[in-house]
Amino acid sequence: MKNWIISESQSTATYLIASAKAIWLTEQNSDTNIDELIESKSLGSIRSIRYEDLKEIVFIDSDFTIEMNFRDDKTTDEEFQLNKNVYLEMRSYFKKNLKGIELKNYSVLKQIYANLITLGIAIIFTSATYISAMELEKGGTVRITGRRAWLRKIIATIAEFLGTTGTLIVGFIFIGGILYFLMRKIQNPKKGVVLKITNAPKLNV
């Protein structure tokens with residue numbers, strides 16, 4: 001098994017250990033001989049991340065960060081920022097030894113995907129609020145019952161408070177901010193590699 005220290009304090013160190021079927025995370029005392037603990041199976045408390053539960057492992061060269069994204073959307077993804085030497089060694093090791101993967105570049109689309117979703121939601125929310133504000137200014141009413149009544153109520157409250165002009169101003173500021181950060185990512189994309197988990201992933205150890 002291969003192991004690396006991914007973070008440490010004065011008294012403890014957090015180790016990432018690459019086993020055949022999973023990544024182990026464990027915190028040990030700084031003066032611990034980790035190889036002896038692994039050999040004697042005396043690690044104590046560990047957290048195990050199985051390769052088959054992962055959708056992909058993303059190595060981001062621009063800031064020496066590793067992302068572990070799970071297949072289950074309800075599971076929180078993991079992110080580790082490492083020093084350069086540990087990062088480069090770990091990237092090389094997993095690329096060479098982890099089987100059942102497909103190597104891909106860290107694409108710009110992948111980097112801006114979350115921003116695009118946020119932009120779409122902002123446009124829809126602003127449009128719905130503006131339409132509600134127009135209806136209220138004409139003396140009409142906005143229906144706040146039915147499915148997602150809570151969301152309709154929020155939209156109606158904001159529309160009543162801001163009016164059509166206020167809704168457009170706030171909406172354009174919010175959308176403009178999202179577009180600004182979106183363009184920055186497009187113009188200065190991060191570089192890296194994605195290890196996409198495909199079939200029966202296993203590490204050669």
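## Strands 3 and 4

In strand 4, Ile49 is the bridge partner of Ile23. The model in which this pair is found is a predicted one. Strand 3 and strand 4 run antiparallel and are joined by four bridges. Strand 3 is mostly covered, with six of its eight residues buried.

## The whole sheet

Which order do the strands take in the sheet? The sheet is open, and its four strands follow the order 1-2-3-4 with antiparallel pairing. Strand 1 (2-8) and strand 4 (47-50) each have a single partner strand and stand at the edges, so one side of each has no neighbour in the sheet. On average, neighbouring strands of this sheet are turned by 25° against each other, direction ignored.

Strand 1 pairs with strand 2 (residues 12-18) in the antiparallel sense over six bridges. Ile5 stands opposite Tyr15 of strand 2. Strand 2 is joined in turn to strand 3 by seven bridges, and these two strands also run antiparallel. Thr14 stands opposite Glu27 in strand 3. The connection from strand 2 to strand 3 is a hairpin through three residues. In a regular strand, side chains alternate between the two faces of the sheet.

## Helix 2 and its two faces

Helix 2 (residues 84-97) consists of 14 residues. From its first C-alpha to its last it reaches 20 Å, close to the 20 Å expected at 1.5 Å a residue. At the N-terminal end, helix 2 is capped by Asn83, which has a side-chain oxygen 3.1 Å from the backbone nitrogen of Asn85.

Which residues of helix 2 are buried? They are Val86, Tyr87, Met90, Tyr93, Phe94 and Asn97. Seen down the axis of helix 2, these buried residues fall within an arc of 140°, so they line one face of the helix. The face turned away from this buried side carries the exposed residues Asn85 and Lys96.

Helix 2 packs on the sheet, where it touches strand 1, strand 2 and strand 3 (22-29). The direction of helix 2 makes about 150° with that of strand 1.

## Trp150 in helix 4

Trp150 is placed in helix 4 (residues 149-187). Is Trp150 buried or exposed? Its relative accessibility is 58%, and exposed means over 50%, so Trp150 counts as exposed.

Trp150 and Glu89 are separated by 61 residues in sequence. In space, the two residues are 50 Å apart, C-alpha to C-alpha.

Terms used:
Residues numbered from 1 in each chain as written. Predicted model: local features only at pLDDT ≥ 70, side-chain atom pairs only at ≥ 80, totals over all residues. Heavy atoms only, no water. Expected span 1.5 Å × (residues − 1). Buried < 20%, exposed > 50% of the residue type's maximum accessible area, 1.4 Å probe, protein only. Arc of directions from axis to C-beta. Polar contact = N/O pair within 3.5 Å; in protein donor to acceptor, adjacent residues only side chain to side chain. Pairing = 2+ DSSP bridges. Axes fitted to C-alpha atoms, helices over the stretch in contact; angles between N-to-C directions. Contact = heavy atoms within 4.5 Å.
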